[in-house]
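Dear colleague,

I am handing over the structure we spoke about, placed just below. Please look through it first, and then read the notes that follow.

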Amino acid sequence: MLSFKIRLTLILSTIVIIFQTLTVIVNDYAMRVNLKREVQELMHNIAASVTEHAARVTRSADGPDKNSSGLDPTALIQDYQSLHRNIMEIAVFRPAEEGGAGSSSAREAGNAASQELTGRLLYGSYDIHASGTDSADLAEAMRSGEVYRSLRSGGKTLLAGTFGFPESGLAVRIAADLSPMYGMIRETRNYQISLSVLLLPAAVAINYGLAYVLIRPLRQILGKVDEVASGRFDTPLAVNRKDETGQLAERINAMAKNLDVYTAKLKKAFEENRSMKEHLESIIHHTTDAIHIEDVNGVLIRVNPAFEQMFGWSEEEAIGRSLPIVPESGMKEELEAREALLAGQMLPARETIRRRKDGSCFEVSVTTSAIRDRNGVIQAFASITRDMTNRNKMDELLRRAEKLNTVGQLAAGVAHEIRNPLTTLRGFLQLQQQTNKLNQRHIDIMLSELDRINLIVSEFLILAKPQATKFRIQDVRFILGDVISLLDSQAHLCNIVFTTSFDSEPCEVACEENHLKQVFINILKNAIEAMPKGGEIEIEARKQPGWIVITIRDHGVGISEEMIPKLGDPFVTSKESGTGLGIMISQRIIQSHQGTMEIRSTVGKGTTVTINLPAVE
């Protein structure tokens with residue numbers, strides 16, 4: 001196993017080698033690119049100069065220009081070759097016939113063979129051929145300006161540049177030998193590699209020393225860590241550096257100090273936990289609630305004295321056994337609770353039945369929770385049982401008192417509502433007794449008041465009298481259709497139109513048809529009365545997963561937000577002649593069908609009543 005110092009030395013040496021190798025490669029590539037660029041630039045300049053002189057000569061009908069001496073292109077070519085030893089040959093061509101140096105002539109030159117180029121040679125020499133590509137290069141140069149091609153000839157690396165000058169109708173081909181220059185580049189590269197190899201041992205030695213310097217603080221830190229691991233926190237590290245190593249030493253000192261503090265706190269916490277355990281043991285043994293712990297198989301592990309007193313089994317009888325404290329009627333509920341706990345759910349307190357040793361059952365409130373190990377696996381269940389017999393008796397007495405209070409309030413309301421029309425009847429009867437005359441107008445008013453008394457008594461009897469109902473499967477769409485047909489005439493008189501939107505699928509519910517009709521009639525009558533100026537009442541029936549949703553929406557005067565929570569209370573209504581019992585009866589009917597009724601309203605915009613009834617699958 002290599003030490004960290006050796007590994008660091010190898011890493012640093014590898015980095016140096018890679019860096020040096022990349023430096024050699026980049027330098028070699030850069031020198032080759034620069035060399036090629038300089039040669040191409042030189043060739044371009046030479047081609048431009050030679051073409052200029054050749055064009056002047058070809059434009060003179062009598063030979064060289066009389067006003068320009070010493071412009072012979074052949075002499076100029078020889079001067080360039082003597083000046084630049086790497087230039088092997090320079091050739092000036094006329095790609096097209098004289099007077100026809102267009103694009104078509106360039107194409108003809110491109111398709112000609114290399115032998116034809118010799119016939120078109122004006123100046124210089126043309127000895128180095130490129131296997132038939134020279135004609136294509138010449139044609140391309142006449143179109144694009146210049147073409148370069150690398151060649152191998154006689155073991156040499158050559159660069160051939162072809163330059164086209166369409167304005168003069170001439171083209172120049174120059175071949176340069178790059179082998180001497182490439183040889184110099186190779187010598188430079190080999191020199192760099194040799195120097196790198198010679199310097200490698202020195203670099204390894206330097207890296208080894210550098211690694212030793214870097215590792216020395218870490219050895220001190222490692223020694224301090226060993227002390228901390230053995231429980232000695234008092235001797236701090238000397239921090240003499242501001243770099244990451246110094247920061248690490250500071251963190252080690254801080255960690256040792258914190259560990260010293262935390263160790264003291266852990267000792268104190270241990271004592272507190274021991275004291276808390278004693279307190280909990282005292283609470284468990286002196287609480288009046290029965291506490292027992294059983295494993296996942298239902299075998300009791302621990303019970304408290306209250307358990308012994310409540311259920312009748314002693315601790316010796318209970319521990320290690322599965323007691324029949326759950327009666328048969330509650331066994332299904334208990335199994336479902338255990339499955340929920342095993343699934344990771346939290347169970348609230350639930351009221352159920354438990355059995356004593358003598359076989360008697362009593363009402364209890366049970367809270368059960370899971371006990372898990374360090375890995376989160378459930379190992380046991382803890383249950384707290386409270387005897388609810390006396391409390392349930394008290395709750396029953398309170399419910400009876402509340403029922404009596406409600407009946408009293410309802411009776412007072414009914415008496416108050418009936419007393420008003422009775423007072424009117426008595427006044428008119430006394431008036432007719434004094435006058436001994438029958439007034440038809442008074443008789444109509446008395447009959448109206450008697451009808452109001454009859455309405456109040458009828459609705460009160462419907463509310464109070466238990467109804468024997470037989471539920472049958474009915475389609476809500478047909479029930480709504482019957483109700484709409486019944487109220488359609490009244491709606492026309494009030495200038496109101498019913499708009500229906502029913503699902504195409506059956507909307508079947510288990511219901512008592514007449515009771516649902518009564519609910520729909522009450523709601524639709526309220527909607528009609530809420531729209532004195534007429535309008536549209538929307539009725540929808542939709543089938544949703546598990547439910548049939550009926551929505552009745554009007555665009556009438558609406559109900560204030562303060563009154564909505566009070567709807568359903570007797571004699572709470574926004575209508576002058578209403579009793580408030582219609583909504584109460586409707587709510588009671590919907591509840592008996594295991595459904596819900598929701599009322600939403602905005603003053604001046606209308607009211608929406610939504611009824612949800614369980615669907616029959």
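**Aromatic pairs, cores and a surface patch**

Four aromatic pairs turn up when the whole structure is searched, where the rings of Phe, Tyr and Trp (its six-membered ring) pair if their centres lie within 6.5 Å, and the planes count as stacked under 30 degrees apart, as edge-to-face over 60 and as tilted for the rest. The pair of Phe93 and Tyr126 is edge-to-face, because the ring centres are 5.3 Å apart and the planes stand at 85 degrees. Phe93 belongs to strand S1 (residues 87–93) and Tyr126 to the loop between strand S2 (121–124) and helix H5 (134–144), so this pair ties together parts that are 33 residues apart in sequence; helices (H or I, at least four residues) and strands (E, at least two) are DSSP runs, numbered from the N terminus. Phe93 is buried at a relative accessible area of 1%, and Tyr126 is buried at 6%, where buried means under 20% relative accessible area, exposed over 50% and partly exposed in between (1.4 Å probe, protein chains only).

Please keep in mind that this is a predicted model, in which local features need pLDDT of at least 70 and side-chain atom pairs count only at pLDDT 80 or more, while totals for chains, interfaces and linings use all residues. Residues are numbered from 1 along each chain as its sequence is written, and side-chain values use heavy atoms, with hydrogens and water left out.

Phe307 and Phe311 make a tilted pair, with 4.7 Å from centre to centre and 35 degrees between the planes. Both lie in helix H8 (residues 305–311), four residues apart, or about one turn of the helix. Phe307 is buried at 0% relative accessibility, as is Phe311 at 1%, and ring pairs link these two with Phe362 into a cluster.

The largest nonpolar core (buried Ala, Val, Leu, Ile, Met, Phe, Trp, Tyr and Cys residues joined through side-chain atoms within 4.5 Å) has 39 residues, of which Phe498, Phe520, Ile537, Ile550 and Ile611 touch the most other members. Helix H14 (residues 513–529) gives the largest share of this core, eight residues. A second, separate core of 26 residues includes Met43, Ala54, Ile77 and Phe163.

Turning to the surface, Tyr262 is placed in helix H7 (residues 244–286) and, at 45% relative accessibility, counts as partly exposed.

With best regards
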